[in-house]
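Here is a short briefing for a first look at this structure. Keep the sequence and the 3D view side by side as you read.

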Amino acid sequence: MAELGMDVPQPHVVILPFPAQGHIKPMLMLAELLCHAGFDITFVNTDHNHTHIDQSGFHSRFPRLRFMSIPDGLPPEHPRIFSGRLAPDWLFSTRSVSKPKFKDLVISLSQETGRWSPPTCIIADGIMSSAIDVAEELEIPVITFRTYNAGSTWINFHITKLIEKGEIPFQGDDMNRPITSIPELENILRRKDLPSICRVEEVENPVLQFYITETAAMTRASALILNTFNELEAPVISQLGSIFPKIYTIGPLHALLESRIKDHPRSDSSNGSLRKQDRTCLTWLDSQPSKSVIYVSFGSVVVLTHDQLLEFWHGLVNSEKPFLWVRRQGLLGMDEEVGETPAELMRGTEERGCIVGWAPQEEVLAHRAVGGFLTHGGWNSTLESILAGVPMVCWPQVADQQPNSRFVSDLWGIGLDMKDTCDRSIVEKMVRDLMEGKRESIRQSSAEISRMAHDSVQEGGSSYCNIDKLIEHTRSIM
Ligand code: UDP
């Protein structure tokens, strides 16, 4: 994937992610890979995020990658995350407010004179159908990038069918009931493993309807991109082939970047993070024995109550394992006051704990001292853990985290599912089981799947080849 000469006309791809951390990071990694192949890239942020992403490193490494921004329709002080979920008005304003602004932006890009050619392709986030509308209106080819794994994407395509069969809605009733009508996942899913949007009182629920509409809109794109790898999800990827003529599985993207761009500085601050990383935890990890530390992070959206925070904290301290815990600003929602900390927690944390506001997660998971990950099961975190071969305890809260946790525990056998409980004794037991190797098969499967993930991004591997096919496809639709 060598850089091509400037004289050959190259694709100009406009990339529009949904403006949340878990969407921006993988789409920015794709932007880097496409730039490296010689493409021009316009990456569209929201005004709200624009200044939070450190762009300096990108500018020097990728002169053909530029950032632009449009409003998301919400006032600056709006929290955007509400009760540990993407706020519904944020979701809806991507259609009402961002769409016309995005259209104006793409029109202005088409009229540019000078070094940038008109856009030849739009890559739209799988929940930004407004970008698909704009692409159609302006007759620009469009590809969709769903930041879920293949399994969760496949489930989303079945929600309408599940409603017709009376499986949805449900509200805490009969949560162990098997879901048997999703091919390839018949023996895996129970009600409680369906995405959190299914836990509603009525099918008219606007957020449920939002996801149904967005998922249907994806089929209007010429191809689907997923941050997963064939060897992990082959049967479901093959099923998705009945919906999408072309599917490019190019994950784990952070490993593909390192494989394709030899001097890629993954450890610098230019990695699409909206928060500043505290790297001191790497020094703390250096002082810990091999595979002794449980890393704890619930991603960028999940919110804990005070009680849940205390249950996790007691469980971690009682497990007597060293722990590195990310407690980002906003983890306790609007209420940042922890109150008085019980003395035993203070003591246990001083002796064995390290707490940071935001960690360099990929490096943390790759550190030799980390032996387990207590995670919310967001797809990026899960994939990063898979690559690093670190077994997981999953505590899913929203969106695709419910199915992801089930895949981790029962499909791939690389962790434990702590769904729908939050109790200090269970936290302690699961952390001990994971860290003390009581589940040997989990360690073995984690190592095996990690090797498959590494192989997929090496020359000749599935994701390595698929990025070339995606590049070819994007050139062919110019
Ligand atoms: N992340 C990070 N530092 C942290 C916690 C998370 O860099 O302290 C990154 C993590 O590596 C992942 C992303 O934030 O790439 C979170 O995405 P994910 O899909 O796991 O969860 P979400 O935040 O969307 O719920």
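A residue counts as buried if 20 or more other C-beta atoms lie within 10 Å of its own, and as exposed if 12 or fewer do. Aspartate 420 has 12 other C-beta atoms within 10 Å, so it is exposed. The model is predicted. The points below cover the domains, the ligand shell, some helices and the unusual backbone sites.

**Two domains**

- The domain assignment splits the chain into domain 1 (12–251 + 457–476) and domain 2 (280–454).
- Their centres, taken over C-alpha atoms, are 26 Å apart.
- How many residues of each domain are in contact with the other? Domain 1 gives 30 residues and domain 2 gives 28.
- On the domain 1 side, the elements that give two or more residues are H1, strand S5 (85–86), helix H7 (150–156) and helix H10 (230–240).
- H1 supplies the largest share of that side, with 4 residues.
- By class, the domain 1 side holds 13 nonpolar, 12 polar and 5 charged residues.

**Around the ligand**

- The shell around the ligand has 18 residues, and Gly22, Gly299, Ser300, Gly378 and Ser381 come nearest.
- Three elements give two or more residues each to this shell: helix H1 (21–36), helix H15 (361–366) and helix H16 (379–388).
- H16 gives the largest share, 4 residues.
- The shell divides into 5 nonpolar, 10 polar and 3 charged residues.
- Both domains take part: domain 1 and domain 2 each give at least three residues to the shell.

**H16 against H19**

- How do H16 and H19 lie relative to each other? Their axes come within 6 Å and cross at roughly 100 degrees.
- Angles of 65 to 115 degrees count as roughly perpendicular. H16 and H19 are therefore roughly perpendicular to each other.
- Ile386, Leu387 and Ala388 of H16 meet Ile449, Ser450 and Ala453 of H19.
- This contact has 5 nonpolar residues, 1 polar residue and no charged residues.

**Helix H11**

- Helix H11 (residues 253–260) has four named buried residues: Leu253, His254, Ala255 and Leu256.
- Their cover includes H1, H15, H16, helix H19 (440–457) and helix H20 (462–476).

**Helix H17 and glutamine 401**

- H17 is mostly covered, with 9 of its 11 residues buried.
- The buried residues are Gln401, Gln402, Pro403, Asn404, Ser405, Arg406, Phe407, Val408 and Ser409.
- They pack against H7, H16, strand S14 (392–394) and S15.
- Glutamine 401 is found in helix H17 (residues 401–411).
- Is glutamine 401 buried or exposed? It has 27 other C-beta atoms within 10 Å, so it is buried.
- Leaving out residues up to four places away in sequence, glutamine 401 touches His376, Gly377, Gly378 and Pro396.
- Glycine 378 lies 23 residues from glutamine 401 along the chain, yet their C-alpha atoms are separated by 5.4 Å.
- Gly378 is also one of the residues that come nearest the ligand.
- After H17 comes glycine 413, with a positive phi near 65 degrees.

**Unusual backbone sites**

- Most residues other than glycine have a negative phi, and most peptide bonds are trans. The sites below depart from that pattern in phi or in the peptide bond.
- Isoleucine 168 and proline 169 are joined by a cis peptide bond, with omega about 10 degrees.
- Proline 169 sits in the loop between helix H8 (159–164) and helix H9 (206–218).
- A second cis peptide bond joins glycine 251 and proline 252, with omega about -10 degrees.
- Proline 252 is in the loop between strand S9 (247–249) and H11.
- Glutamate 139 is not a glycine, yet its phi is positive, near 55 degrees.
- Glutamate 139 is found in the loop between helix H6 (129–137) and strand S7 (142–146).
- Glutamate 139 has 6 C-beta neighbours inside 10 Å, so it counts as exposed.
- Aspartate 420 is also not a glycine and has a positive phi of about 60 degrees.
- Aspartate 420 is in the loop between strand S15 (415–417) and helix H18 (424–435).

Technical notes
Residues are numbered from 1 along each chain as its sequence is written. This is a predicted model: local features need pLDDT of at least 70, side-chain atom pairs count only at pLDDT 80 or more; totals for chains, interfaces and linings use all residues. A residue is near a molecule or strand if its C-beta atom, placed from the backbone, lies within 6 Å of it. Ala, Val, Leu, Ile, Met, Phe, Trp, Tyr, Cys and Pro count as nonpolar, Asp, Glu, Lys and Arg as charged, and the others, Gly among them, as polar. Domain bounds come from an automatic or database domain assignment. Two residues are in contact if their C-beta atoms, placed from the backbone, lie within 7 Å. Axes are lines fitted to C-alpha atoms, for helices over the stretch in contact, and angles run from 0 to 180 degrees between N-to-C directions. Angles under 35 degrees count as roughly parallel, over 145 as roughly antiparallel, 65 to 115 as roughly perpendicular and the rest as oblique.
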